[in-house]
Amino acid sequence: LHLLPANYNWAVAYRFLVLMITLQPCFLLLLLQSLYEKLAKPIVVRCYAVLYAVLAAAHFILPSQDIAPLSKIGYYLSMPFFLYLVVQLIRRFWRIRRFERDDVLVLLGYLLLLGSNVYEAVFGRIVTTITRHGAAPPYLLVFVFLIAGAISLKINRREQELSESRRQREVLTQLNRLKSEFLHQMAHELKTPLTVILANLQILLSHQDSSIKSQIKWVDNTKEEASRMKQLVEELLFLARSDAGTVEVTH
């Protein structure tokens with residue numbers, strides 16, 4: 001309204017005034033929905049926004065004398081969405097069983113704003129001071145400060161969560177490096193005696209005589225198991241060197 005030129009048409013100012021009153025509940029509810037991630041389903045928010053867009057367009061289509069009831073229609077249109085958000089908030093707090101300081105500020109702000117509007121609607125035509133000045137504007141100012149404080153607290157908490165997430169990621173990276181080093185060293189320690197065992201068995205099998213022929217079966221079994229263990233150690237070494245971090249062991 002302040003941006004209109006000095007010689008504006010009163011009908012244009014009237015349309016903008018009614019539009020502002022009509023859009024107030026819509027933007028307040030969309031603000032509440034945006035303060036809590038995944039509070040409302042996207043299809044519900046889109047349907048509500050589309051209906052309100054049609055209602056807003058009607059302010060510039062209907063004659064000036066017919067647009068006053070549009071603000072009342074806007075309030076009626078907002079009631080189902082308001083109740084839906086209240087139910088979703090109750091479910092959210094019941095699920096997480098936790099109230100943060102920003103949640104208290106948000107709920108306090110909306111309760112003050114809702115109470116002031118109800119008070120003005122009930123006593124607006126009875127008390128002169130309410131009629132002249134209105135109860136909602138002062139509470140709306142308090143509401144703005146409360147929501148600003150809640151948003152600031154949410155930003156600080158997100159920054160702390162991000163910092164904690166980065167710290168945990170660094171710890172996990174360090175643990176993964178230590179695991180790889182451990183696997184690499186352990187595989188080398190296992191591979192050395194296995195190489196000696198396999199070499200001795202090979203020498204023993206290549207110099208067979210009658211005194212050990214009855215024990216050849218046990219020597220072969222020992223060599224087979226040592227070869228199998230050597231294969232597992234080689235796969236363990238590959239796992240330690242692998243960037244992928246996974247390898248299929250089939251033995």
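This report describes the helices, ring contacts, salt bridges and one pocket of a predicted model.

**Overall make-up**

The protein has 251 residues, and 27% of them count as buried. Its secondary structure consists of seven helices and zero strands. Along the sequence the pattern therefore reads α-α-α-α-α-α-α.

**Aromatic pairs**

Across the whole structure, a search finds seven aromatic pairs. One of them joins Tyr48 and Phe81, whose rings are stacked with 4.2 Å from centre to centre and 20 degrees between the planes. Tyr48 belongs to helix α2 (residues 42-58) and Phe81 to helix α3 (residues 68-96), so this pair ties together parts that lie 33 residues apart in sequence. Tyr48 is buried, with a relative accessibility of 4%. Phe81 is buried as well, at 4% relative accessibility.

Another stacked pair is made by Phe93 and Phe99, with 4.4 Å between the ring centres and 20 degrees between the planes. Phe93 has 10% relative accessibility and counts as buried, because the cut-off for a buried residue is under 20%.

Tyr48 and Phe81 also take part in a cluster: ring pairs link these two residues with Tyr52 and Tyr84.

**Charges over rings**

Two contacts between a charged side chain and a ring can be described. Arg97 lies over the face of Trp94, at 4.2 Å from the centre of the ring. Over the ring of Tyr36 sits the charged end of Lys154, at 4.4 Å from the ring centre.

**Salt bridges**

How many salt bridges does the structure hold? There are six salt bridges in the structure. The table sets out three of them.

| Residues | Closest N to O distance |
|---|---|
| Glu100 and Arg98 | 2.7 Å |
| Arg157 and Glu161 | 3.9 Å |
| Arg167 and Glu164 | 2.7 Å |

In the bridge between Glu100 and Arg98, Glu100 is partly exposed at 24% relative accessibility. Arg98 is also partly exposed, at 45% relative accessibility.

Arg157 and Glu161 are four residues apart in helix α6, so about one helical turn separates them. The relative accessible area of Arg157 is 23%, which makes this residue partly exposed. Glu161 is partly exposed too, with a relative accessible area of 44%.

Helix α6 also holds Arg167 and Glu164, which are three residues apart and therefore separated by about one helical turn. Arg167 counts as partly exposed at 44% relative accessibility, and Glu164 counts as partly exposed at 33%.

Which residues are joined into one network by salt bridges that share partners? The network consists of Asp102, Lys154, Arg157 and Glu161. Within this group, Lys154 lies in helix α6. Is Lys154 buried or exposed? Lys154 is buried, at 13% relative accessibility. Lys154 and Asp102 are 52 residues apart along the chain, while their C-alpha atoms are separated by 6.5 Å.

**The second largest pocket**

Rolling a probe the size of a water molecule over the atoms shows where empty space is left. The second largest pocket holds about 330 Å³ of space. Its lining is made up of 16 residues, and those nearest the centre of the pocket are Leu35, Arg92, Lys154, Arg157 and Arg158. Two of these names have appeared above: Lys154 and Arg157 belong to the salt-bridge network. Lys154 is also the residue whose charged end sits over the ring of Tyr36.

Which helices each supply at least two residues of this lining? They are α1 (10-35), α3, α4 (101-123) and α6 (136-206). Helix α6 gives the largest share of the lining, with six residues. Sorted by class, the lining has 10 charged residues, five nonpolar residues and one polar residue.

**Summary**

The predicted model is made of seven helices and zero strands. Ring pairs link Tyr48, Tyr52, Phe81 and Tyr84 into a cluster, and shared salt-bridge partners join Asp102, Lys154, Arg157 and Glu161. Lys154 and Arg157 are among the residues nearest the centre of the second largest pocket.

Terms used:
Residues are numbered from 1 along each chain as its sequence is written. This is a predicted model: local features need pLDDT of at least 70, side-chain atom pairs count only at pLDDT 80 or more; totals for chains, interfaces and linings use all residues. Side-chain values use heavy atoms; hydrogens and water are left out. Rings of Phe, Tyr and Trp (its six-membered ring) pair if their centres lie within 6.5 Å; planes under 30 degrees apart count as stacked, over 60 as edge-to-face and the rest as tilted. Buried means under 20% relative accessible area, exposed over 50%, partly exposed in between (1.4 Å probe, protein chains only). A charge sits over a ring if NZ of Lys or CZ of Arg is within 6 Å of the ring centre and within 35 degrees of the ring normal. On a 1 Å grid over the protein atoms alone, a cavity is a set of points where a 1.4 Å probe fits but cannot get out, and a pocket is an open set with protein on both sides within 12 Å along at least five of seven lines; lining residues have an atom within 4 Å of a point. Grid points are joined across faces, edges and corners, and a volume is the space filled by probe spheres set on the points. Ala, Val, Leu, Ile, Met, Phe, Trp, Tyr, Cys and Pro count as nonpolar, Asp, Glu, Lys and Arg as charged, and the others, Gly among them, as polar. A salt bridge is a side-chain nitrogen of Lys or Arg within 4 Å of a carboxyl oxygen of Asp or Glu.
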